[in-house]
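Me: Please take a close look at one part of this structure, the sheet, and describe how the rest is arranged around that part.

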Amino acid sequence: MPDFESLYLHITMSSTKSWRYDYPFYSKRKTYTIGKYPYISLSNARNEKELARQLLAHGKDTSFERKKSALLALMLKVTILLNQLQANGIHLNN
């Protein structure tokens, strides 16, 4: 179910619905999965697509940037956990 400018609602065989945005990046077609419907509204999906377009305008791959952000958030959580363990006298050996 396309919306406009490559934003569409992808429906799987199991009836899961997800907003997706197709975009070219260095001559390759890429797909950015924005999120599941109905948790993400059409309005929010359009806003997210617009943010993705702005990243692309600056030469950044939307999918890569999302993965990078998730990895950085995970690294921060691990660092905080390790600091809390050390503060409580628990030291992990390599």
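Reply: What follows describes the sheet, then the helices, then one residue in a helix. The model is predicted.

The sheet is open and consists of three strands in the order 1-2-3, with antiparallel pairing. Strand 1 (7–11) and strand 3 (28–36) are the edge strands; each has a single partner strand, so one side of each has no neighbour in the sheet. From one strand to the next, the twist averages 40 degrees. Eight bridges join strand 2 (residues 17–25) to strand 3 in the antiparallel sense. In this pairing Ser18 is placed opposite Lys36 of strand 3.

Helix 1 (residues 42–57) packs on the sheet and touches strand 1, strand 2 and strand 3. The direction of helix 1 makes about 20 degrees with that of strand 2. Helix 2 lies across strand 2 and strand 3, and runs at about 50 degrees to strand 3.

Thr62 belongs to helix 2, which spans residues 62–87. Is Thr62 buried or exposed? Its relative accessible area is 4%, and because buried means under 20%, Thr62 counts as buried. Leaving out residues up to four places away in sequence, Thr62 touches Tyr23, Tyr32, Ala52, Leu55 and Leu56. For one of these, Ala52, there is also a polar contact: the side chain of Thr62 reaches the backbone oxygen of Ala52 at 3.3 Å.

Notes:
Residues numbered from 1 in each chain as written. Predicted model: local features only at pLDDT ≥ 70, side-chain atom pairs only at ≥ 80, totals over all residues. Heavy atoms only, no water. Helix = DSSP H or I, 4+ residues; strand = E, 2+ residues; numbered from the N terminus. Buried < 20%, exposed > 50% of the residue type's maximum accessible area, 1.4 Å probe, protein only. Polar contact = N/O pair within 3.5 Å; in protein donor to acceptor, adjacent residues only side chain to side chain. Contact = heavy atoms within 4.5 Å. Pairing = 2+ DSSP bridges. Axes fitted to C-alpha atoms, helices over the stretch in contact; angles between N-to-C directions.
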